[in-house]
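Subject: Structure handed over, with notes

Dear colleague,

Please find the structure below, handed over for your own inspection. My notes on what was found in it follow directly after.

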Amino acid sequence: MSVTTLNGNLKEGVIIGTSLIHMDKIVKSFNGTYALKGVDFEVKPGEIHALLGENGAGKSTLIKILTGAYRPDKGKILVNGKSHSFIPVKELEQLGISVVYQDLKLAPGVSVMENVLMGNLPKKYGMVDYQKGSEMTNKALKKAGINLNPSTLVKSLKIADQEIVAIAKALSKDANVLILDEPTALLAEDDVQRLFDILRELVKKGVSIVYISHKIEEVFAICNRATVLRDGNKIWTKNVSDLSNDELIEAISGKVHRNDDVYTESQLGDEAISVQGLNHKPYYSDVSFQINKGEVVGLFGLIGAGKSELLKGVFGEMKAQSGKVKLNGEAFKPKSPSDSIKRGIGFVPEDRTTEGYLPRMPIHVNANVATYRSFSKKGFIRGGFEREHALALLEDFNVKYSSLEQHIDGLSGGNQQKVVVAKWIHPNTKVLLLDEPTAGIDVGARRDIFKISRKLADEGKSVIYCSSYLPEIMEVADRILVMSDGRITGEFDRESFDDMAIMKAAYK
Amino acid sequence: MEKTSTTVGVKSYSEKKGTLKWNAWLSKASLPLVLLAMWVVMFFLNPNFLSVDNLSNLGRQTAIIGIVAIAQTLVIITKGIDLSVGATLGISSVISAQLLVSGTSVWVTILAIILVGLMIGVLNGMLVYDAKITPFIATLGTMTIVRGATLLTSDGRIISGLPSEVTKIAELSILGIPSLLFILLIIAVLGALMIRYTVFGRNLFSIGSSEESARLSGVNVRITTYGAYGIAGVLSAIAGFLLTTRLASGIPTAGEGYELDAIASAVIGGASLFGAQGSIIGTVIGSFIMSTLRNAGNLLGIQPFWLQIAIGVLLLAVVFFDQLQKRRS
């Protein structure tokens, strides 16, 4: 075997033991921020290797480097003993590496065959050779452990079968390393078991799997080894059989220290809103809690725990199937956003760009979008009043802008988000629901949003602050409710905030 | 030291603001300037262009398409489109002619056609909002249905023999302005005030910008959608009535192709099919630019086919320069 040293490195390209892939001291930074700070990662033949870590730990960056989407700043990658300074995308297939993304990336409108063989359809006289294509597809499907008609349209398959088609597509390229990104995110329980059976079969056939997941129990169910990343560092790689549940959770989340810089205790008042036995299957079930005036309650849980759906249920955007809600002690049936808003509930959705702001509209319009109806007189907008209101809000929220007429698209993400939160600041708003309000914004803007949350509490309002990032919830909340798999699995007062206990509840 | 840095900051800021203003002014004024330039050139080519006769003629020609274009603009602002405006104009023309010939009073006739326009418009709104049919297809459907119904009720024939007091309406002058133009101006002023200063007008822009964000901020998307298409229907129906008085007959094919002229006028006037952008004044000027081209073609004896090509080129040029400017900023 010839050894190429792409990087000019000497003697680095020797075959290392039994590893299929060996990523060595990988460093990657984006605009000066380090996403990976010298990470090692190794995949052996015939293993299922869990890659674990919170959002932003560096998992995606590592996988993107392994699949050629990014070039590492430093470090090298050995595939089958051959050293590379980066993975050339065009050779990915030859190297035997294949990925199945969480969203599958299938084309729903065409057949299973066209998906499995996408870009590789066999041709005869310039036309598709359907017979040969079917044979190839059947072979790939068989390898993935499923029996389907290759001419079925992908969109007519149930999601679990689509997942397996995506795996078959990956295998059709003779992959020996299969990377699965959150493969069970969309699957029901029995489909998960079926997927696991298929994965075990694949491993017997000599395929190695890199398994990315948030679900601890899956690691114990199916993985041989686990590597944990945190803040761009590799914490360790261990055999799953040597691991305990707590050890794993602690490695993933690290020690979280409560930051009290922003926190000021507010005077608690009467009950503002309470929820009893709220159900919306399969998103959440039997959820009960109550929140007082002057309280910021953190709703913590991993992605997919049902937090967003619960907030939307309270806001009337996704009607709950059963259960009771009380607002200021009175029964209240959330039926539509506009009705909930009239009753004093505000909602900042997770996705700022599609649900939060009004693109191509001036800042002052955005700052008033939740309130211009209540400011109006006899159907007429009060322009001057709105501008003053907007100016006061922008000042309060420390928004950096050049003029009120500027389109909101021109602001930075953090400033956009501040306007989206600010629009709810109005005497009528009694309860504010924030869904991942600091997603993708800078530290300064994050602090401003913390401060505003506390300020609202000081004014006797209630805030539900929903996030999958524990440190920020511990910083801002009076109380934390933990949600896991659609249920409330823990409740903690500020005095008893304990990162490990909260994390355990979240993984329950 | 701190002081210096502040002054420098302020200075550069105001400079930047100054150029911004100049650009904004230019882009705002460019459309009226184009129209003015067209008129000046026309005057030199044919002084008759600015004769009272020709100008009132131009005013009457513009009035009807202008009202339809205003209707279209309201819908375009919501990120919709209304292909049924021309057909609504047609059915209104036929119904009003039939009613007037049968001796119904003018006011009752106007009320009736307003109702017809409103019904067609709200139907469009329901198809778009409740049935979730894309506006293009929904209004293509109603356009075809309404046009068919018009031909059916009129047997495809022109209805004439209208009472003379009706046909006089179009010949009247109010304050020296041809009545039809006067009505266009009133509608334009009311429309401009509405989209700028009323909650409903703001709602149009909000849902045109992002229906999801608007709904989650408490905007009643249903009523706003019904309203936009409903008003568009009513305005188109009024335009149909005015056309009937102008031509002294009800014409079943009246308004064919108006939907496209209306869209062109709105777009030349600054509206964007991506929604949340558009102005009534711009649309009216856009209508004037289009009708000036046609009128000029007549006066100069240019083949109408060439005019058609010129209008197409103009539309593309306006949109292209608009895009260019946006890319720069």
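I begin with a single pair of side chains, those of A:Arg225 and A:Glu47, which are joined by a polar contact of 2.8 Å. Please keep in mind, here and throughout, that this is a predicted model. A:Arg225 sits in strand S11 of chain A, which covers residues 225-230, and its relative accessibility is 11%, so that this arginine counts as buried, the cut-off being 20%. Leaving aside residues up to four places away in sequence, A:Arg225 touches a set of residues that includes A:Glu42, A:Lys44, A:Ile48 and A:His49, as well as A:Thr237, A:Lys238, A:Asn239 and A:Val240.

A second buried position that you may wish to look at is A:Val116, which lies in helix H3 of chain A, residues 112-116, and has a relative accessible area of 0%. With residues up to four places away in sequence again not counted, A:Val116 touches A:Thr137, A:Ala140, A:Val165, A:Ala168, A:Lys169 and A:Ser172. Of these contacts, the one with A:Ala140 can also be described through the backbone, for the C-alpha atoms of A:Val116 and A:Ala140 are separated by 7.9 Å, while the two residues are 24 residues apart along the chain.

Helix H9 of chain A, which runs over residues 307-315, is mostly covered, with eight of its nine residues buried. Among the buried residues of this helix are A:Leu310, A:Leu311, A:Val314 and A:Phe315, but A:Lys307 and A:Lys312 belong to them too. The helix is followed by A:Gly316, and the phi of that glycine is positive, near 85°.

Turning to chain A as a whole, one finds 18 helices and 22 strands. Its radius of gyration is 26 Å, close to the 23 Å that the globule rule gives for 508 residues, so chain A is as compact as a globular protein of that length. Along the principal axes, its C-alpha atoms fill a box of roughly 80 × 50 × 45 Å. Buried residues make up 55% of the 508 residues in the chain, and, of the contacts with a separation of 6 or more, 66% are accounted for by residues 24 or more positions apart.

The remaining notes concern the interface, to which chain A contributes 28 residues and chain B 22 residues. The area buried between chain A and chain B is about 2100 Å², with carbon and sulfur atoms giving 54% of it. Of the area that chain A buries against chain B, 26% is supplied by A:Arg360, A:Tyr372 and A:Ile381, which is more than any other three residues supply.

As for the polar side of this interface, the count is 17 residue pairs in polar contact between the two chains, both residues of a pair being at pLDDT 80 or more. The rule finds two salt bridges across the interface, and A:Glu317 forms a salt bridge with B:Arg215 in which the closest N and O atoms are 2.6 Å apart. On the side of chain A that touches chain B, helix H10 (337-342), helix H11 (352-356) and helix H13 (372-375) each supply at least two residues, and the residues of that side divide into 16 nonpolar, six polar and six charged.

With kind regards

Technical notes:
Residues numbered from 1 in each chain as written. Chains lettered and ligands numbered in written order. Predicted model: local features only at pLDDT ≥ 70, side-chain atom pairs only at ≥ 80, totals over all residues. Heavy atoms only, no water. Contact = heavy atoms within 4.5 Å. Buried area = accessible area lost by both parts, 1.4 Å probe. Salt bridge = Lys/Arg side-chain N within 4 Å of Asp/Glu carboxyl O. Polar contact = N/O pair within 3.5 Å; in protein donor to acceptor, adjacent residues only side chain to side chain. Helix = DSSP H or I, 4+ residues; strand = E, 2+ residues; numbered from the N terminus. Nonpolar A, V, L, I, M, F, W, Y, C, P; charged D, E, K, R; others polar. Rg over C-alpha atoms; globule rule 2.2 N^0.38 Å. Buried < 20%, exposed > 50% of the residue type's maximum accessible area, 1.4 Å probe, protein only.
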